[in-house]
Amino acid sequence: HLKGGGIIAIKGVGGYHLVCDAANDAAVQRLRARKRRPDKPLAVMFPLAGDDGLDAMRTCLDLDETTAAAILDPARPIVLARKRSDFSLSRFLAPGLGELGVFLPYSPLHHQLLQAYGKPIVATSGNVSGEPVITDNAEAQDRLDKVADAFLHHDRPIVRPADDPVIRLMAGAARTIRLGRGI
């Protein structure tokens, strides 16, 4: 589904993510329309690559030492990183902005998915804007039916719904701007 431009709802640790190919303009625009999120930036999950795991990110982002350390934090937060001038992902991810929210896989399911796909994916909260985090398989199937083309559920219950944390570099230090899973 991802290779064909599909949108998949994936059950994670703290809720569902809606994912699509981060380089596919049509898929990103379709996700924005279905999720009713026309302007807000979308986060991108990258596969681990290279000795420190960040080589895939370095192909389209400028990562300084502090940003790289924040991305590699065990909590796996979303970190706002500067886009390179030759940015190769969809221009609809963070329109008009010089930075992109990026993170690494943090669960075995995410690791397997990114390893098999081998390319960055949009990974945004699996709910329509303004609605609460979805944790139940049947509820996800019902509420995301018009958003996702396919679903990847599992039978492990989500006990504590949680958003992904967000970190921004300010005054040379990594600062939390949204608390969430792991932080």
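## Close-up views of a predicted model

**Figure 1. Arginine 58 and aspartate 52 meet through their side chains in a salt bridge, at 2.6 Å from N to O.** Please keep in mind that this view, like those that follow, shows a predicted model. Side chains of opposite charge can pair when their charged atoms come close. Neither partner in this close-up counts as buried: a residue needs under 20% relative accessible area for that, whereas arginine 58 has 30% and aspartate 52 has 31%. Both values fall in the partly exposed range, as arginine 58 and aspartate 52 show. The pair also belongs to a wider arrangement, since a network of salt bridges links Asp52, Asp55 and Arg58. Across the whole structure, a search finds 11 salt bridges, and two others have their own views below.

**Figure 2. A salt bridge joins the side chains of glutamate 99 and arginine 168.** Here the N to O distance is 2.0 Å. This pair links distant parts of the chain, with glutamate 99 in strand 6 and arginine 168 in strand 9, 69 residues apart. Glutamate 99 is partly exposed, at 23% relative accessible area. Arginine 168 is partly exposed too, with a value of 29%.

**Figure 3. Within helix 5, glutamate 139 pairs with arginine 143.** The closest N and O atoms of this salt bridge are 2.3 Å apart. Why are glutamate 139 and arginine 143 separated by about one helical turn? The two residues are 4 places apart in helix 5, which spans residues 137-143, so about one turn lies between them. An α-helix has 3.6 residues a turn, so residues three or four places apart point the same way. Glutamate 139 is partly exposed, with 29% relative accessible area, and arginine 143, at 24%, is partly exposed as well.

**Figure 4. Helix 4, residues 108-117, has a buried side and an exposed face.** Which residues of helix 4 are buried? They are His110, Leu113, Leu114 and Tyr117. These residues cover an arc of only 90° around the axis, so they sit on the same side of helix 4. Turned away from that buried side is a face carrying the exposed residues Pro108, Gln112, Gln115 and Ala116. What do the buried residues of helix 4 pack against? Their partners are strand 1 (8-11), strand 2 (16-21), strand 3 (44-45) and strand 7 (121-125). Just after the helix, glycine 118 takes a positive phi of about 75°.

**Figure 5. Leucine 114 of helix 4 is shown with its contacts.** Leucine 114 is buried, with a relative accessible area of 1%. Apart from neighbours within four places in sequence, leucine 114 is in contact with Met45, Phe46, Pro47, Pro105, Lys119 and Ile121. To set the scale, the C-alpha atom of leucine 114 is separated by 17 Å from that of valine 28, a residue 86 places away along the chain.

**Figure 6. Threonine 124 is a buried residue of strand 7.** Its relative accessible area is 5%, so threonine 124 counts as buried. Leaving out residues up to four places away in sequence, threonine 124 touches Tyr16, His17, Leu18, Leu31, Lys35, Arg37 and Leu42.

**Figure 7. The largest pocket has a volume of about 690 Å³.** Its lining is made of 33 residues, of which Arg37, Lys40, Ile78, Val166 and Arg178 are the closest to its centre. Which strands each supply at least two residues of the lining? Strand 2, strand 5 (78-83), strand 6 (99-103), strand 7 and strand 9 (166-170) do. By type, the lining residues of this pocket divide into 14 nonpolar, 10 polar and 9 charged. As for how such spaces are found, rolling a probe the size of a water molecule over the atoms shows where empty space is left.

**Figure 8. The second largest pocket holds about 190 Å³ of space.** Lining this pocket are Lys11, Gly12, Val13, Ser107, Pro108, Leu109, His154, Arg156, Pro157, Ile158 and Val159. These residues divide into 6 nonpolar, 3 polar and 2 charged. One of the lining residues, Pro108, appeared earlier on the exposed face of helix 4.

Technical notes. Residues are numbered from 1 along each chain as its sequence is written. This is a predicted model: local features need pLDDT of at least 70, side-chain atom pairs count only at pLDDT 80 or more; totals for chains, interfaces and linings use all residues. Side-chain values use heavy atoms; hydrogens and water are left out. Buried means under 20% relative accessible area, exposed over 50%, partly exposed in between (1.4 Å probe, protein chains only). The arc is that of the directions from the helix axis to the C-beta atoms. Contact means heavy atoms within 4.5 Å. On a 1 Å grid over the protein atoms alone, a cavity is a set of points where a 1.4 Å probe fits but cannot get out, and a pocket is an open set with protein on both sides within 12 Å along at least five of seven lines; lining residues have an atom within 4 Å of a point. Grid points are joined across faces, edges and corners, and a volume is the space filled by probe spheres set on the points. Ala, Val, Leu, Ile, Met, Phe, Trp, Tyr, Cys and Pro count as nonpolar, Asp, Glu, Lys and Arg as charged, and the others, Gly among them, as polar. A salt bridge is a side-chain nitrogen of Lys or Arg within 4 Å of a carboxyl oxygen of Asp or Glu.
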